[in-house]
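Reader: I am new to this structure and would like to go through it by question and answer. Please show it to me and explain the terms as they come up.

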Amino acid sequence: MSQRSLLVGPFNRVEGDLEIRLEVAEGRVTNAYANSPMFRGFEQMMLGKVPIDALTITPRICGICSISQSAAAAAALGAAAGKPPAPQGALVAAILHGIENICDHLTHFNLFFCADFARPAYAGRGWHSRATERFTAMEGSAVRASVDARAQILHIVGLLGGKWPHTLAIQPGGVTRAPTARDRIRMMSTLAAFRRYLETVLFGAAVEDFAHLGTADALRGWAHGDAGLFNEIAADLDLGAMGAGPGRYMSFGAYPLPEGRSFGPGLWENGVLSPIDTDTIREDLSHAWMLGEGAHPSQGQTVPDEDMRDPGYSWCKAPRLAGRTVETGAFARQVVGGHAGALALALAGSNVQARVIGRLLEIARTQMLLEKWVAALKPESRFMDDVAVPQEGEGEGLVEAARGALGHWIRIEAGKIAGYQIIAPTTWNFSPRDANGTPGPVEAALVGAAVGDSEDTPLSVQHIVRSFDPCMVCTVH
Amino acid sequence: MANTETFYDVMRSQGITRRSFMKYCSLTASALGLGPAFVPQIAHAMETKPRTPVIWVHGLECTCCSESFIRSAHPLAKDVILSMISLDYDDTLMAAAGHAAEAAMMETIEKYKGQYILAVEGNPPLNEDGMFCISGGKPFVEKLKLAAKDAKAVISWGACASYGCVQAAKPNPTQATPVHKVITDKPIIKVPGCPPIAEVMTGVITYMLTFDRLPELDRQGRPAMFYGQRIHDKCYRRPHFDAGQFVEEWDDDGARKGYCLYKMGCKGPTTYNACSTIRWNEGVSFPIQSGHGCIGCSEDGFWDQGTFYDRVTDLTQFGVEANADQIGFAAAGVVGAGVAAHAAISALKSAQNKAQKTPTPTNEEA
């Protein structure tokens with residue numbers, strides 16, 4: 001059988017630019033190399049700026065997860081100041097962030113991921129005509145319904161944050177907007193409308209029914225709504241056996257509130273949950289076009305190698321936790337957070353289907369959280385405390401973006417930014433090889449993927465890559 | 001013409017009703033600052049003119065412009081992107097991938113030579129021969145030049161394409177360069193903002209179709225109908241500014257009462273955009289309404305003007321009755337010399353306009 005090398009890219013329906021080089025033998029991928037071909041240099045630009053300007057500049061790394069970047073910047077500044085935000089301010093920030101995450105999952109499912117099932121290559125499958133009707137890129141009925149639903153729920157971000165994308169409201173001390181009792185009622189009705197969309201279109205049943213599924217079979221066997229259509233397709237295409245991750249799931253924990261994080265933090269491996277020691281994070285530069293030594297992000301630098309020398313093949317650094325790769329994302333968050341169904345799926349192994357189910361689970365659970373949070377708003381409270389950023393100091397801001405663990409590390413000297421490093425979720429998932437030659441999670445997940453003789457952009461590769469919902473503009477920033 | 005399908009045909013084939021279509025026409029007319037008399041004109045144009053093919057390419061950017069367009073837009077405006085315009089090529093949204101995607105772009109260029117609009121989101125980095133943004137194995141700047149060669153006109157979406165935006169912040173590591181410095185032989189319309197307002201984006205395209213020409217542009221190449229007024233001129237907090245009532249710190253009593261954010265660093269007085277009239281997320285709100293000052297994201301160089309939260313100046317020197325132009329001059333001195341020149345010129349221009357302006361379809365004087 002033939003051996004060949006394939007260059008897959010540019011990828012569409014992923015956020016940003018991505019190129020993957022594949023070595024193929026006997027109809028299977030034997031090696032994969034993920035390249036993030038876009039570099040802008042945000043970390044260099046931050047140097048010398050006034051620390052609070054990070055709140056305006058870093059969200060502009062990404063137009064899809066800008067609230068996540070904003071929340072991480074505010075958290076890093078708050079950590080440097082050593083003070084928490086006003087509790088009700090943290091609640092509003094959680095609402096803003098939760099809505100962005102739920103929108104991102106909805107976008108991924110309807111606009112980015114399922115569109116592949118409408119491809120002519122799948123004509124003849126029992127579900128193909130239904131998938132085409134629902135998911136055809138830019139035209140499918142599910143695509144349109146989700147775009148409408150998203151625009152509606154984003155009214156809440158408009159109300160609390162002024163605009164989306166690139167919302168400015170989140171500050172180290174809380175948020176700039178104190179919602180009124182009237183705003184609260186308006187948000188409740190917007191959430192009620194979104195719930196109707198979820199229950200009639202996406203889940204075809206009560207949100208709680210889906211959120212409380214406690215076994216792997218129940219999740220994979222869910223047969224209602226578009227979630228059910230996905231499961232039917234996933235079973236037929238065996239997406240549950242495709243794209244295995246490293247089996248180590250990391251989450252920084254989502255939505256920091258005074259009572260704790262709503263989805264808890266940790267590292268999960270083989271059924272054991274342990275706390276994360278962020279001091280053991282190192283960004284390896286051996287296969288990145290970056291100069292200097294690998295370092296902890298609090299000490300890290302970003303100096304691009306303009307000669308793009310070998311063995312570098314990506315602008316992406318390779319973050320490792322205690323020397324090892326980890327998978328991060330909605331599924332990881334649900335596993336680490338201890339959801340019974342997600343845990344059951346994780347024990348069966350990480351794969352394309354599990355990642356998509358993880359997002360669906362999170363949509364359902366986040367809807368429930370949002371309803372609870374809006375009901376808990378107290379308009380008479382303070383929404384911003386005075387949190388003064390110090391002249392000297394360091395801060396670590398850890399949040400969970402839709403795509404997984406996001407960290408900002410800031411060092412302030414003489415009132416100016418002296419160091420700013422960002423590790424985005426896709427930096428973890430799409431990292432290149434490290435000094436030991438260990439491939440990044442996606443590179444490893446692609447090994448073994450089936451490649452047809454006539455395929456130059458293999459479908460299996462696209463399913464696996466998109467199952468991680470890469471955000472390449474965040475990856476290299 | 002290779003394609004005689006009209007916008008209306010495309011809309012109908014997508015199941016959009018006549019009623020929705022007429023509603024879209026009147027919404028667009030009002031967004032463009034045109035009277036009801038223009039509604040039939042817009043409708044007629046959309047029924048008879050061939051749809052305009054659009055190639056939408058992405059350079060150094062964050063996709064917030066596309067996101068603003070598809071996520072936050074009015075459902076009718078959103079249909080513009082999803083069906084009416086029928087984007088012939090779009091990196092982010094299209095179905096094809098890999099080589100098929102590249103082929104689709106070349107096919108569109110061939111088929112609609114000289115007819116299509118090139119929409120550019122983001123900008124090319126020129127450092128090191130453009131290697132910081134590689135698309136399909138080639139520097140983005142090459143793709144941009146290739147696509148621009150046979151375009152009828154170029155739209156620079158957002159602050160990135162128009163001015164450079166944050167990736168051009170000092171030290172501009174990749175030499176991110178706005179589109180008009182690379183493409184010099186085509187009409188370019190700048191639609192700045194980070195991102196621009198969705199309704200502004202669809203309004204610009206609809207205008208070009210309806211009147212078969214570029215919209216009237218200001219000195220910076222922005223459509224005057226949307227960028228003719230300062231945020232400050234139409235800000236709902238303006239009465240508090242005039243009355244000398246200001247937010248002094250976050251979440252203080254003044255903040256609760258919706259006082260002016262000038263002292264919190266608001267750049268509304270020096271920023272030309274439609275945020276305070278059209279607003280965001282289907283007209284729900286805009287940054288000032290959320291209690292945060294404007295950062296001036298539709299102005300050139302907004303990312304390198306010192307901190308976003310500095311008081312633009314000490315207000316007492318103006319007195320409480322100071323008007324926007326006075327504030328504009330003084331504030332601009334702090335915000336940056338480039339903006340100052342612009343503010344001065346605009347003030348002059350608007351004075352001239354008042355004296356000798358011929359009627360044009362803008363809301364500049366509304």
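Author: Two strands pair if DSSP finds at least two bridges between them. Strands (E, at least two residues) and helices (H or I, at least four residues) are DSSP runs, numbered from the N terminus. This is a predicted model, in which local features need pLDDT of at least 70 and side-chain atom pairs count only at pLDDT 80 or more, while totals for chains, interfaces and linings use all residues. Residues are numbered from 1 along each chain as its sequence is written, and chains are lettered from A and ligands numbered from 1 in the order in which they are written.

Reader: Which residue in β2(A) does A:Leu7 stand opposite?
Author: β1(A) and strand β2 (residues 19-25) of chain A run antiparallel and are joined by six bridges. Opposite A:Leu7, in β2(A), stands A:Arg21.

Reader: Which strands stand at the edges of the open sheet β1-β2-β3 in chain A?
Author: The three strands of this open sheet pair in the antiparallel sense. Two of them have a single partner strand each, so one side of each is left without a neighbour in the sheet. These edge strands are β1 (3-8) and β3 (28-35) of chain A.

Reader: By how many degrees are neighbouring strands of this sheet turned against each other on average?
Author: Axes are lines fitted to C-alpha atoms, for helices over the stretch in contact, and angles run from 0 to 180 degrees between N-to-C directions. For the sheet β1-β2-β3 of chain A, the average, with direction ignored, is 15 degrees.

Reader: How many bridges pair β14(A) with β15(A)?
Author: Chain A also has an open sheet with the order β13-β14-β15 and antiparallel pairing. Its edge strands are β13 (393-401) and β15 (416-423). β13(A) is joined to β14 (residues 404-413) of chain A by nine bridges. For β14(A) and β15(A), the number of bridges is seven.

Reader: Which residue in the turn between β14(A) and β15(A) has a positive phi?
Author: β14(A) and β15(A) form a hairpin, with two residues between them. Within the paired strands, A:Gly407 has A:Ile423 in β15(A) as its bridge partner. The turn residue with a positive phi, of about 50 degrees, is A:Ala414.

Reader: Which helix lies across β13 and β14 of chain A?
Author: In these strands, A:Glu394 stands opposite A:Arg411 in β14(A). The helix across β13 and β14 runs at about 150 degrees to β13(A). This helix is α3 (residues 66-81) of chain A.

Reader: Is A:Trp268 buried or exposed?
Author: A residue is buried if 20 or more other C-beta atoms lie within 10 Å of its own, exposed if 12 or fewer, and partly exposed in between, with C-beta atoms placed from the backbone. A:Trp268 lies in strand β9 (residues 266-269) of chain A. Because A:Trp268 has 23 C-beta neighbours inside 10 Å, A:Trp268 counts as buried.

Reader: Which residues does A:Trp268 touch?
Author: Two residues are in contact if their C-beta atoms, placed from the backbone, lie within 7 Å. Residues up to four places away in sequence are not counted here. The residues touched are A:Tyr249, A:Leu273, A:Val335, A:Val336 and A:Ala346.

Reader: Which helix gives the largest share of the largest nonpolar core?
Author: A nonpolar core is a set of buried Ala, Val, Leu, Ile, Met, Phe, Trp, Tyr and Cys residues joined through C-beta atoms within 7 Å. The largest one has 257 residues, and A:Ile95, A:Leu96, A:Ile99, B:Leu118 and B:Val120 have the most contacts inside it. The largest share of this core, 15 residues, comes from helix α4 (residues 87-113) of chain A.

Reader: How many residues does domain 2 of chain B give to the contact with domain 1?
Author: Domain bounds come from an automatic or database domain assignment, which for chain B gives domain 1 (7-226) and domain 2 (231-356). Domain 1 of chain B supplies 18 residues to the contact, and domain 2 of chain B supplies 14 residues.

Reader: Which element gives the most to the side of chain B that touches chain A?
Author: The contact takes 60 residues from chain B and 64 residues from chain A. Elements of chain B that each supply at least two residues include α5 (75-84), α6 (99-111) and α4 (64-72). The most, six residues, comes from α4(B).
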